[in-house]
Amino acid sequence: MPIEALETPALLIDLDQVEANIAAMQALADRHRLRLRPHAKTSKAPAIARMQLQAGAAGICCAKLSEAEVMIAGGIDDVLLTSPVVSPGKQARVAALQKQARLLVAIDHPDTASGLAAAARRAAVEIGVLVELDVGQGRTGLADPVALAGLAAQVCALPGLRFEGVQAYNGGIQFLPDPLERQQAAVRVAGRIGAAREALAARG
């Protein structure tokens, strides 16, 4: 089909470049013995997510519940929802999705933990939870490692929830043009994650 014949708007991709990018990112993660979980907010396409999983990704991330629902409906069976879900209606939808896929949820407040636990019990499922650490983004998450460990302990005590770990993200680092400044910022983030790990260990 000539490009002039396409109905617009239309998204066009260079498939060879997409496949090369996916392979390069997976190879980088493999070299450093990291489990890669790409974010689907770039492609928003289950077909691309399937390519990433086939290349070796452990799962994918979604920013919104509606995006996660599309991915799961498209056959993606391991999704991390990176933004807290606080309304009872959406928490019920998270619980319902557990019967179709592994949907992990990031949280940063005790009320969110309680609401998700109640939704999980009503649906007779268990929801995997990551407690979010604010490492400088200033958007969501707990900045205090001791408070984070306390929330993790609450998650462990709530029937219907399963503590899966910590989410820590500061995407602004990638926009620092100076490599040394970017490295120093990453080291600071790693230090805050280390402090959180110590606080979690102290709580058992």
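In this predicted model, strands β1 and β2 run alongside each other in the parallel sense and are joined over three bridges. Within this pairing, Ile 60 has Val 79 of β2 as its bridge partner. To get from β1 to β2 the chain passes through α3, and this β-α-β crossover is right-handed. The points below follow the sheet outward from this pair, and then turn to the helices and the core.

**The sheet**

- Five strands make up an open sheet with parallel pairing, and their order across the sheet is β1-β2-β3-β4-β5.
- Because β1 (60-62) and β5 (161-168) each have a single partner strand, they stand at the edges, and one side of each is left without a neighbour in the sheet.
- If direction is ignored, neighbouring strands of this sheet are turned against each other by 30 degrees on average.
- β2 also pairs with β3, again in the parallel sense, and this pairing extends over four bridges.
- Two positions show how β2 and β3 line up: Leu 81 stands opposite Val 105 in β3, and Asp 78 stands opposite Arg 102 in β3.
- Together with α4, the strands β2 and β3 make a right-handed β-α-β unit.

**The two faces of β2**

- In a regular strand, side chains alternate between the two faces of the sheet.
- In β2, Asp 78 and Leu 80 point one way while Val 79 and Leu 81 point the other way, and all of these residues are buried.

**Helix α4 and its buried side**

- Which residues of helix α4 (residues 88-97) are buried? They are Gln 91, Val 94, Ala 95 and Leu 97.
- These residues cover an arc of only 165 degrees around the axis, which means that they lie on the same side of α4.
- The partners against which the buried residues of α4 pack are two helices and three strands, namely α3 (65-73), α5 (110-123), β2 (78-81), β3 (102-107) and β4 (127-133).
- Val 94 gives a closer view of this packing, for when its neighbours within four places in sequence are left aside, it is in contact with Leu 65, Leu 81, Val 85, Leu 103, Val 105, Leu 116 and Ile 127.

**The nonpolar core**

- The largest nonpolar core contains 44 residues, and Val 94 is among those with the most contacts inside it, along with Val 79, Leu 103, Ile 107, Ile 127 and Leu 161.
- Helix α5 supplies the largest share of this core, with six residues.

**Other helices**

- Helix α6 (residues 145-157) lies across β3, β4 and β5, and its direction is at about 170 degrees to that of β4.
- Helix α1 (residues 15-31) includes Gln 26, and this residue is buried, with a relative accessible area of 5%.
- With neighbours within four places in sequence left aside, Gln 26 is in contact with Leu 36, Gln 52, Ala 55, Gly 56 and Ala 57.

**The chain as a whole**

- The chain holds seven helices and five strands, and from the N terminus on its elements follow the order α-α-β-α-β-α-β-α-β-α-β-α.
- Along its principal axes, the C-alpha trace spans about 60 × 45 × 30 Å.
- Of the 204 residues in the chain, 38% are buried.
- Among the contacts with a separation of 6 or more, 63% join residues that are 24 or more positions apart.

Note on methods:
Residues are numbered from 1 along each chain as its sequence is written. This is a predicted model: local features need pLDDT of at least 70, side-chain atom pairs count only at pLDDT 80 or more; totals for chains, interfaces and linings use all residues. Side-chain values use heavy atoms; hydrogens and water are left out. Buried means under 20% relative accessible area, exposed over 50%, partly exposed in between (1.4 Å probe, protein chains only). The arc is that of the directions from the helix axis to the C-beta atoms. Contact means heavy atoms within 4.5 Å. A nonpolar core is a set of buried Ala, Val, Leu, Ile, Met, Phe, Trp, Tyr and Cys residues joined through side-chain atoms within 4.5 Å. Two strands pair if DSSP finds at least two bridges between them. Axes are lines fitted to C-alpha atoms, for helices over the stretch in contact, and angles run from 0 to 180 degrees between N-to-C directions. A crossover is right-handed if, with the strands pointing away from the viewer, the path from the first strand over the helix to the second runs clockwise.
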